[in-house]
Amino acid sequence: MFDTLQDRLNSAFKSLRGKGRLTEADIDATCREIRIALLEADVNLSVVKEFVGAVKHRARGTELSGALNPSQQIIKIVDEELVAILGGETRTIRFAKKPPTVIMLAGLQGAGKTTLAGKLGRWLREQGHSPLLVAADLQRPNAVNQLQVVGERAGVHVFAPEPGVTTAGGADQPTGDPVLVARRAMYHAQQKLYDVVVVDTAGRLGVDEELMRQAAAIKAEVRPQETLFVVDAMIGQDAVNTARAFAEGVGFDGVVLTKLDGDARGGAALSIAKVTGRPIMFASNGEQLTDFDVFHPDRMASRILG
Ligand code: GDP
């Protein structure tokens, strides 16, 4: 996903190789190229401006001394600034002192929430936890069934509404009441001593008020320790706009980037931590349960720099 960005940044640094010291003009030219590289990768404009400003400021400062040559020094600064926009420290789930820890997943339809619920379930199980997945996406036909399949594959139990459950809209409504399902799931988790509850919620194709209201109502019911905003890294600048809308409408503690295996430019997704002030906690890079890992800002920065 970041091949072009990697190539462009490397060519920006190339012109500095062999130079004994950096002139003001060198710094300006390199920063111009870095700016173009980031913009072409679809990094958010305000993030690019701040990023390039910081690199320039540091490159002009006193840091340019010591054992590294100018090109290495600039690469080091760019690396550190990349880590900073990606959220700095690695941060994963904060578990509740008194179980169960509740993790709620929110995001647009197709972002990869249901798949992620399985991946998280598997990951949690590997960490020695006893997770329960909750099917509170009652909008999308087949979403409950999909979570059950994913849960089975991950070896994790799924709490699903009973077939034909009475709904807010009447018994003939196929949609059910996700808040009620969430409430029952919490009771079930406490009774059966699951220590982590992962709540999958419905998404829409676009952000809308009803979606936000529903997600906020589920959140108020289950009071999650962690609300994770799940976002498809392939959707470009919409990722940033959607993140802003969810931050306002539902609020979230962390971000999960999905589809990092795609061939889109991906820079927008890299802007989310900076734009929302929330860390990227996990990354998904495929459809298999194992295509998933904790997100490490420093490793991602190294990967981008090649
Ligand atoms: P939801 O609507 O948010 O629950 O999204 P789903 O979990 O149903 O995922 C939508 C589609 O994206 C499915 O076909 C998934 O297999 C696929 N998907 C999910 N995560 C990834 C990923 O990291 N990489 C790729 N290539 N596909 C993914």
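**Helix α9, the cores and the ligand site**

T242 is found in helix α9, which covers residues 237-249. The model that holds this helix is predicted. T242 is buried, because its relative accessible area is 6%, and buried means under 20%. Beyond residues up to four places away in sequence, T242 touches L108, V207, F229 and I235.

F246 touches partners from several parts of the sequence. Neighbours within four places in sequence set aside, F246 is in contact with A106, G107 and L108. F246 is also in contact with V207, L211, M212 and F229, and with G251 and F252. F246 also has a place in the largest nonpolar core, which holds 76 residues. In that core, L5, I34, F51, V78 and F246 touch the most other members. Another core lies apart from it. This other core has 26 residues, including I93, L120, W123 and L228. In soluble globular proteins, nonpolar side chains tend to be buried together.

The chain as a whole was examined next. It contains 11 helices and eight strands. Its C-alpha trace spans about 75 × 35 × 30 Å along the principal axes. Of its 306 residues, 51% count as buried. The accessible surface of the chain comes to about 14,200 Å². Carbon and sulfur atoms hold 47% of that surface. Among contacts with a separation of 6 or more, 76% are between residues 24 or more positions apart.

Strand β4 takes up residues 196-201. Six of its six residues are buried. In a regular strand the side chains alternate between the two faces of the sheet. In β4, both faces are covered. V196, V198 and D200 are buried on one side. V197, V199 and T201 are buried on the other.

Two strands pair with β4. Strand β1, residues 101-106, runs parallel to β4 and is joined to it by five bridges. I103 has V198 as its bridge partner in β4. Strand β2, residues 131-136, also pairs with β4 in the parallel sense, over six bridges. Here V134 stands opposite V199.

Helix α7 spans residues 178-192, and A182 is found in it. A182 is buried, because its relative accessible area is 1%, and the cut-off for buried is under 20%. Apart from its neighbours within four places in sequence, A182 is in contact with I218, E221 and V222. A182 and S130 are 52 residues apart along the chain. Their C-alpha atoms are separated by 18 Å.

L193 is found in the loop between α7 and β4. Its phi is positive, about 60°, although L193 is not a glycine. L193 counts as exposed, because its relative accessibility is 69%, and exposed means over 50%. K259 also has a positive phi, near 60°, and is a residue other than glycine. K259 is found in the loop between β6, residues 254-258, and α10, residues 267-276. At 32% relative accessibility, K259 counts as partly exposed.

One further backbone feature involves a pair of prolines. The peptide bond from P99 to P100 is cis, with omega near 5°. P100 lies in the loop between α4, residues 70-85, and β1.

The ligand was considered last. It is surrounded by 17 residues. The closest are G110, T114, T115, D261 and E287. Several polar atoms of the protein lie by ligand oxygen atoms. A polar backbone atom of G110 is 2.7 Å from an oxygen atom of the ligand. For T115, a polar side-chain atom lies 2.6 Å from an oxygen atom of the ligand. For S284, the atom is a backbone N or O, and it lies 3.4 Å from an oxygen atom of the ligand. On its own, the ligand has 580 Å² of accessible area. The protein covers 81% of this area.

Terms used. Residues are numbered from 1 along each chain as its sequence is written. This is a predicted model: local features need pLDDT of at least 70, side-chain atom pairs count only at pLDDT 80 or more; totals for chains, interfaces and linings use all residues. Side-chain values use heavy atoms; hydrogens and water are left out. Buried means under 20% relative accessible area, exposed over 50%, partly exposed in between (1.4 Å probe, protein chains only). Helices (H or I, at least four residues) and strands (E, at least two) are DSSP runs, numbered from the N terminus. Two strands pair if DSSP finds at least two bridges between them. A nonpolar core is a set of buried Ala, Val, Leu, Ile, Met, Phe, Trp, Tyr and Cys residues joined through side-chain atoms within 4.5 Å. Contact means heavy atoms within 4.5 Å. A residue is near a molecule or strand if one of its heavy atoms lies within 4 Å of it. A polar contact is a pair of N or O atoms within 3.5 Å; within protein, one must be able to donate a hydrogen and the other to accept it, and residues adjacent in sequence count only if both atoms are side-chain atoms. Accessible areas come from the Shrake-Rupley method with a 1.4 Å probe; for residues, only the protein chains shown count as cover.
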